[in-house]
Amino acid sequence: MDVGSNKTVCLIGREEPGLGVRLVGSGFGVSAGLKGGAVIDLEAAETGIRTAVEKAEKAAGVTVQDVCVNVALRSLRSQHMTVQTEFASGAVADRDLKRVLNSSLSEQAQPDHAIIHAIPMTWQVDDEDGIKDPRGMYGQKLGVQMHFVLGGIGPLRNLAHCIERCHLNIRSVTASPYASALAVLTEDERDLGVTLIDLGAGITSAAIFRDNTLVHVDALGVGGRNVTTDLARGLTTPFEAAERIKTIYGSCLHGADDDFISVPCPPIAAQDELHHHPRSRVTAIIRARMEETFELLRDRIHAAGLENYSGRQIVLTGGGARLNGVRELAEFVMSKRVRIGQPHGVFGLSDVLGQPDFAVATGLLKQAFETLPEAVNGPPDLSGRAYRQQRYSGNAIGRSMQWLRENF
Ligand SMILES: Nc1ncnc2c1ncn2[C@@H]1O[C@H](COP(=O)(O)OP(=O)(O)OP(=O)(O)O)[C@@H](O)[C@H]1O
Ligand SMILES: [Mg+2]
């Protein structure tokens, strides 16, 4: 289930042996209770979730109990940490990995942020680093470089509360750009280095991959809704009219005859008359906001020291990726190759669901059937207390060890 600022999407899938995941039902609801990815109106958000789930349940003929959900918050951020522990003489064994992972998790504990993802990136044995699988190696010190994706605990609690009020059990929580990446990126892209940017209504978020690992996540509290608000203000027209103008006439690129194309703008007060603006005005407003958004993101990636690490390729998803000229503008601002990401890897996606705004939902559905390479699985601990292994549900560490066994 993708709970967005604009729409909530529920996809129900089934694994078919030898084929993969097949979509068996989908439903949408309008999200009115979210702002910038955070729930601001519990009741309205709940209605959106209920609507989406009920429609999908009806289409699939099943009752939904567990959901894999996304989270897109302004407070999403990455933190890297290297932890080392001494280990008993002899070769590195599973229990040593477990111990160092546990120690990284307890060092990470923060009262105001919850761990959404905890990804072991590389391992070290004594002074040797960059090791993919240290088991069987000899040394005295074992280290791991961890990538934590964190989110503000307050908004996460509200989201969880909202979903639980709909009698749904949260099986996992995934950062939106990570989920989106699972649906649209190729393995080569993830290996060579790629930046996925999800252009949502309230949040613009990014996920950077390198060596097939998620290495960075970032989010800005601006999105398509800000573009529409700018248009509504700049053209003195209601929000709904501005949204329509954006999808019909909107572009990030100036066209040769834009000055001569007249865009009808309904008045804000019903008694006033329809007025007109040249299309060039619409383009200028949209371009200013989109350019600023890409610049902000570019500068933040730069400030995080990831400019060269983030690869030469950018993939855009989210409703904003449908905006005319957005690919060219992103190419211009970020100086990288840009493509629009269409979700794939799930059978039965219709033309509608194959669009970039359904990448997050598709990624979540795919993820429901695979184990992500993480040190903790299951929903994040929202208690705000220091990490204790047993609080993570379903013996998460045990499951991650299984992942270690399967993936090395
Ligand atoms: N054809 C289009 N042209 C321009 N903008 C579009 C188009 N289609 C959708 N959008 C914009 O995309 C945004 C919605 O994107 P999306 O559905 O990805 O948001 P969301 O997932 O609900 O929100 P968020 O991810 O921020 O929580 C809206 O602002 C909408 O105006
Ligand atoms: Mg979204």
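How many helices and strands does the protein have? It has 11 helices and 19 strands. I should say at the outset that this is a predicted model, and that my remarks concern what has been computed from it.

Let me begin with the overall form. The radius of gyration of the protein is 23 Å, close to the 22 Å given by the globule rule for 408 residues, so the protein is as compact as a globular protein of that length. Along its principal axes, the C-alpha trace spans about 80 × 45 × 45 Å. Of the 408 residues, 53% are buried. The accessible surface comes to about 18,000 Å², and carbon and sulfur atoms account for 48% of that surface. As for contacts, if we take those between residues at least 6 apart in sequence, 68% join residues at least 24 apart.

I turn now to the open spaces. The largest pocket holds about 870 Å³ of space. Its lining is formed by 43 residues, and those nearest its centre are Asn-6, Gly-200, Ala-201, Gly-319 and Gly-320. Which elements give two or more residues to that lining? They are the strands β1 (2–3), β6 (66–71), β12 (194–199) and β13 (204–210), together with the helices α6 (224–235), α7 (239–249) and α8 (279–303). Helix α7 provides the largest share, with 5 residues. By residue class, the lining of this pocket divides into 20 polar, 14 nonpolar and 9 charged residues.

Next, the enclosed spaces. The structure holds 2 cavities of 30 Å³ or more. The second largest cavity contains about 70 Å³ of space. What lines this second largest cavity? The residues are Thr-195, Arg-298, Ile-301, Glu-307, Ser-310, Ile-314, Met-334 and Lys-336. By class, 3 of the lining residues are nonpolar, 2 are polar and 3 are charged.

With the spaces described, I come to individual parts of the chain, starting with helices. Helix α4, residues 176–184, is mostly covered, as 9 of its 9 residues are buried. The buried residues in α4 include Ser-176, Pro-177 and Tyr-178 at its beginning, and Leu-182, Ala-183 and Val-184 at its end. One of these, Ala-183, is touched by Thr-362, a residue of helix α10. Is Thr-362 buried or exposed? Thr-362 is buried, because its relative accessible area is 0% and the cut-off for burial is under 20%. Leaving aside residues up to four places away in sequence, Thr-362 also touches Leu-11, Pro-343, His-344, Val-346, Leu-349 and Leu-353.

A second buried residue to look at is Ser-280, which lies in helix α8. At 15% relative accessibility, Ser-280 counts as buried. Its contacts, again without residues up to four places away in sequence, are His-254, Asp-258 and Asp-259.

Now to the loops. Ala-368 lies in the loop between α10 (359–367) and α11 (396–407). This residue is partly exposed, with a relative accessible area of 24%. Which residues does Ala-368 touch, not counting those up to four places away in sequence? Ala-368 touches Cys-68 and Arg-171. Arg-171 is 197 residues away from Ala-368 along the chain, and the C-alpha atoms of the two are separated by 8.6 Å.

Finally, two residues deserve attention for their backbone angles. His-167 has a phi near 60°, a positive value in a residue other than glycine. It is found in the loop between α3 (153–165) and β11 (169–175). At 66% relative accessibility, His-167 counts as exposed, because the cut-off for exposure is over 50%. Asn-212 is likewise not a glycine, and has a positive phi of about 65°. Its place is in the loop between β13 and β14 (213–220). Where His-167 counts as exposed, Asn-212 counts as partly exposed, at 33% relative accessibility.

To close, I would return to two points. The protein is as compact as a globular protein of its length, and its largest pocket is lined by 43 residues. Thank you for your attention.

Key:
Residues are numbered from 1 along each chain as its sequence is written. Chains are lettered from A and ligands numbered from 1 in the order in which they are written. This is a predicted model: local features need pLDDT of at least 70, side-chain atom pairs count only at pLDDT 80 or more; totals for chains, interfaces and linings use all residues. Side-chain values use heavy atoms; hydrogens and water are left out. On a 1 Å grid over the protein atoms alone, a cavity is a set of points where a 1.4 Å probe fits but cannot get out, and a pocket is an open set with protein on both sides within 12 Å along at least five of seven lines; lining residues have an atom within 4 Å of a point. Grid points are joined across faces, edges and corners, and a volume is the space filled by probe spheres set on the points. Helices (H or I, at least four residues) and strands (E, at least two) are DSSP runs, numbered from the N terminus. Ala, Val, Leu, Ile, Met, Phe, Trp, Tyr, Cys and Pro count as nonpolar, Asp, Glu, Lys and Arg as charged, and the others, Gly among them, as polar. The radius of gyration is taken over C-alpha atoms; the globule rule is 2.2 Å times the number of residues to the power 0.38. Buried means under 20% relative accessible area, exposed over 50%, partly exposed in between (1.4 Å probe, protein chains only). Contact means heavy atoms within 4.5 Å. Accessible areas come from the Shrake-Rupley method with a 1.4 Å probe; for residues, only the protein chains shown count as cover.
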